Amino acid sequence: MPPRVRGASVSLAGLDAAASLPPRTAPFVRTFSTTPCREKMSKGRMRMFEWLNSNSGRGLAEPSGGPNYLGPYQDQPFPLNPLFRSQPVLDDTTRELIYDKVTRQGESLKAVSAEMHIDVRRVAAVVRLKEVEKQWVTDGKKLATPYAKAVMKMLPKTSYREGEENEPHEPINDIHVHNLTLQQLFVPVSESRHFTREDAAKAFHDKMLSADTRSPQPELIEMEREIVNGASRADSLKKFQEATQAEEDRVAQKILKQREREESRTKKVKTDRYEFRFKEINVDDVGRDGRSRKGTGWRYGAPFEDRKRGLVKIPTSVP
């Protein structure tokens, strides 16, 4: 068997000697130029900057009267999407005025809605959000005011000024189009009969309510009828405000009594960390089929039947 060939070994002294040798100089040194490169700008880019520096470009960047969209119409922000139209929102002054009328002056929601031509649901939402905002200010929480101002600059706004001619913000007495009213009916009616909206609703379905009943503000319809019949607008408006205020007081009293009744039925036991609440229940509240909403835990105790086979899932009646 031939002997094993060993590789060349280097002693530690040889390594120290190699490390002490002077380093070799590089053949050349690469230097970086400090001269700034010449900016190349196309003709289209030059025209863009010229337009931005002109009066038209400055007007687009800093609009004075409201948002300046690129679309062909005033409420069309996207030129390639003509179906999208930007809806106006209430400015902060109008929202503060709504909050002042409802909370401090004590006006009803429907009266404020009819006066300012704003939907009653929007009026209620403004009051709730303003209450939360003022509570945050009282608690010392920081508001995103710069962000709100930036968003308001990009949206069209509706401003209401008392004592002036204001543009309506939105329809306030529209009703939802019922599915049963989409069909075409031919109902023979005698010429001597007075066909009303109640009769029209009964023609579509026996349990269907009329348009006046389903209206968000039936008191407003009654006020306009009185004006048509010869009553003065001032007296009719005062009667409308009294009717809406009486209705809101009645609803508030009903909610207050319901809360007091729930408080009287509930026994509270406070501990260091928790508050336990006990309430007496009756097993008969669930009804004959065990699915009555008056029963305790009706949401969790019995599953819904919307996924069972062989059951009719199509509504058989309308409200």
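Which helix supplies the largest share of the lining of the second largest pocket? In this predicted model, that share comes from helix 10, with eight residues, and the close-up views below take up the two pockets in turn.

**View 1. The largest pocket and the residues closest to its centre.** The largest pocket of the predicted model has a volume of about 760 Å³. It is lined by 22 residues, of which D92, R95, K130, E133 and A148 are the closest to its centre.

**View 2. Secondary-structure elements around the largest pocket.** At least two lining residues are supplied by each of strand 1 (89–90), helix 4 (92–104), helix 6 (120–139) and helix 7 (145–153). Among the contributors to this lining, helix 6 provides the largest share, which amounts to eight residues. By residue class, the lining of the largest pocket comprises 15 nonpolar residues, six charged residues and one polar residue.

**View 3. The second largest pocket and the residues closest to its centre.** The second largest pocket encloses about 340 Å³ of space. Its lining consists of 15 residues, and those closest to the centre of this pocket are L109, E248, D249, V251 and A252.

**View 4. Helices that line the second largest pocket.** Helix 5 (109–116) and helix 10 (233–265) each contribute at least two residues to the lining of the second largest pocket, and the eight residues from helix 10 form the largest share. The lining of this second largest pocket divides into six nonpolar, five charged and four polar residues.

Technical notes
Residues are numbered from 1 along each chain as its sequence is written. This is a predicted model: local features need pLDDT of at least 70, side-chain atom pairs count only at pLDDT 80 or more; totals for chains, interfaces and linings use all residues. Side-chain values use heavy atoms; hydrogens and water are left out. On a 1 Å grid over the protein atoms alone, a cavity is a set of points where a 1.4 Å probe fits but cannot get out, and a pocket is an open set with protein on both sides within 12 Å along at least five of seven lines; lining residues have an atom within 4 Å of a point. Grid points are joined across faces, edges and corners, and a volume is the space filled by probe spheres set on the points. Helices (H or I, at least four residues) and strands (E, at least two) are DSSP runs, numbered from the N terminus. Ala, Val, Leu, Ile, Met, Phe, Trp, Tyr, Cys and Pro count as nonpolar, Asp, Glu, Lys and Arg as charged, and the others, Gly among them, as polar.
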